[in-house]
Amino acid sequence: MSSHKISIRPFGVHAILVEWPVKIEEAILNEILEFVQYLKKYHLKESEWEFIPAYNSLTLICRDAEIDFGVLKPKLEEWYLAKKEPVLLEQYLWRLPVCYDAEYGGDLQEVSDHLGISTQEIIKLHSSAIYTVYGIGFLPGFTYLGGLPEALEIPRKPVPRAKVFKGSVGIAGKQTGIYPQDSPGGWNIIGICSVSMFDAKSKTPCFLKVGDKVQFYPISKAEYQLHKIESEVGIYKMEKLKWDA
Amino acid sequence: MLNIIKAGFFTTLQDQGRFLFRNMGVPVSGVMDTMAVSKINALLENDDNDAVLEITMTGPVLSFEEPTFIALGGAEMAVFLNDLPIRNYRVYQIKKGDVLSYGKLENGIRNYLGVKGGFTTEPILGSRSFYKPVTQHNSVKDHTSLPYGICKDFKPKITELKVDASIIEAKVLKVYKGPEFQQLHPNQLEQLFYTEFSVAKENNRMAYQVNETIEGHQVSMLTSATLPGTVQLTPAGKLIILMKDGQTTGGYPRILQLSDEAIAVLSQKKSGDHFAFKLI
């Protein structure tokens, strides 16, 4: 821990930005998450501060008071370098069902043509990888999942769709993700997930956390319809395994 | 209950916003013009976080089922209480059955209606602010109603505030350097601080776009947090100013950060209105 060089910059008067080297790496992400746990435990009250980790950065937002950058920056540096007891990150691997039927994966054929691999191969590759949640944003419950097999890397669509349906699973660049609600979107849609990614009525509106793992498994259209109903009435049982980093 | 006879163009309920859920991608939301709302809540001797109606461009027609006291603020609009004109930043007593109707927009774009004690809908994730999909609707609908507490006796310490209308006409947005400010080159800096910009027609609670562009860039960065008031610069040189319902992360360089006051000033600007940035 604390093995990387960090840089700290002001971000208005309510936030401060801590950055690690510009790399997509699990080691860096976990170091950020461990630092968040340490800050919450010893220095920054969770009722007053918001912690937004994403890829190589951590943004700390203070709810009410203005931040005195000159005071907080050296403190953060000191806290980062302080000798700490080992932290155990509570992380899970979530197995999420995806129906890759052409009816829902509107861009499956186009992706296949562009990449020169069969749709079966796309499905196999996409559902065999284990992804890491590197950030949550864009929409409530939208997770940026890193770890896409190289063979599936494809640019965003040149013209975004005006409406992508809730649950749609997309790929773009080195990332994959699930649209948590109907919205405009520019990712290439290859399937649909029956699990709701965001529920404001739940105690944990978004069950995925940054640092969690996700693996998809293919399901048929009939299974998708069934899971969707189960999910809506709240009886769908999610597959979740403890993940030891 | 406040009955919404006609909802107007875009009317929402807002308090100071929804905190502690940005790590799940939930924007902070809350009133756009915090300066106007602080004054209204102060006049009504409310809590600063009490929920008010945010009324955009074309106002609603409303009727009150219980007695209360109200105050308006923000954009200057022709507003009538039972056909008699009323003005901003003054406390008015409301009787059962009174009707409030909005007419012509004169100056600014967002007017606020506060009631004594605030509107008392059930908070969701710690806030009453409308934001779909956290709340069921994005804006209030015709023939619905909003709850508030009865108040028959209230002797306000101050009944009226003199507010300088020039706040609405202010053209200068005071800004801080954003996290990626250092990556701007001299041409871009000059364009950024010596251009009079104008608000594009794409402006709403999520973001304000700008008609004029500055020189673009090829800076690529990893997705990172954004805030209300963050000014993003797209590769093509377009400026996007995130507002209260803006997304919580983004992948464009964050070149400037608006001060709280500048967010309030910008939130009264409509398509075609002019402004300039000034570093604090």
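The questions and answers below concern a predicted model and go from chain A as a whole to its interface with chain B and then to single residues.

Q: How many helices and strands does the secondary structure of chain A come to?
A: In this predicted model, the assignment for chain A contains elements of both kinds. The count comes to five helices and 14 strands.

Q: Why is chain A as compact as a globular protein of its length?
A: For 245 residues the globule rule gives 18 Å, and the radius of gyration of chain A is close to that, so the chain is as compact as a globular protein of that length. Along the principal axes, its C-alpha atoms fill a box of roughly 55 × 40 × 35 Å. The radius of gyration that supports this conclusion is 20 Å.

Q: What percentage of the residues of chain A count as buried?
A: Chain A exposes about 11,600 Å², with 54% of this area supplied by carbon and sulfur atoms. A residue counts as buried when its relative accessible area is under 20%. Of the 245 residues of chain A, the share that count as buried is 53%.

Q: How far apart are the mean positions of the positive and negative charges of chain A?
A: Chain A carries 28 positive and 31 negative charges, and a mean position can be taken for each set. The separation between these two mean positions is 2 Å.

Q: Which three residues supply more of the area that chain A buries against chain B than any other three?
A: The interface brings 37 residues of chain A into contact with 31 residues of chain B, and the area buried between the two chains is about 2,900 Å², of which carbon and sulfur atoms give 65%. Three residues together supply 21% of the area that chain A buries against chain B, and these are F11(A), E50(A) and R63(A).

Q: Is G25(B) buried or exposed?
A: G25(B) lies in the loop between β2 (10-14) and α1 (34-43) of chain B. Leaving aside its neighbours within four places in sequence, G25(B) is in contact with I136(A), G137(A), L139(A), P140(A) and T248(B). Its relative accessibility is 2%, which is under the 20% cut-off, and G25(B) therefore counts as buried.

Q: What is the relative accessible area of W187(A)?
A: W187(A) is placed in the loop between β11 (183-185) and β12 (188-193) of chain A, and its C-alpha atom is separated by 38 Å from that of K41(A), 146 residues apart along the chain. W187(A) is buried, and its relative accessible area is 4%.

Q: Which two residues of chain B does a cis peptide bond join?
A: Most peptide bonds are trans. One bond in chain B has omega of about 15 degrees and is cis, and its proline is found in the loop between β8 (99-115) and β9 (144-146). The residues joined by this bond are K132(B) and P133(B).

Q: Where in chain B does E45(B), with phi near 55 degrees, lie?
A: Most residues other than glycine have a negative phi. The phi of E45(B) is positive, and the residue is partly exposed, with a relative accessible area of 34%. E45(B) lies in the loop between α1 and β3 (52-56).

Q: What is the phi of N82(B)?
A: N82(B) lies in the loop between β5 (68-81) and β6 (84-86) of chain B, where it is partly exposed at a relative accessible area of 36%. Although N82(B) is a residue other than glycine, its phi has a positive value, near 50 degrees.

Notes
Residues are numbered from 1 along each chain as its sequence is written. Chains are lettered from A and ligands numbered from 1 in the order in which they are written. This is a predicted model: local features need pLDDT of at least 70, side-chain atom pairs count only at pLDDT 80 or more; totals for chains, interfaces and linings use all residues. Side-chain values use heavy atoms; hydrogens and water are left out. Helices (H or I, at least four residues) and strands (E, at least two) are DSSP runs, numbered from the N terminus. The radius of gyration is taken over C-alpha atoms; the globule rule is 2.2 Å times the number of residues to the power 0.38. Buried means under 20% relative accessible area, exposed over 50%, partly exposed in between (1.4 Å probe, protein chains only). Accessible areas come from the Shrake-Rupley method with a 1.4 Å probe; for residues, only the protein chains shown count as cover. Lys and Arg count as positive and Asp and Glu as negative; His and the chain ends are not counted. The place of a charge is taken as NZ of Lys, CZ of Arg, CG of Asp or CD of Glu. Contact means heavy atoms within 4.5 Å. Buried area is the accessible area (1.4 Å probe) that two parts lose on being put together, summed over both.
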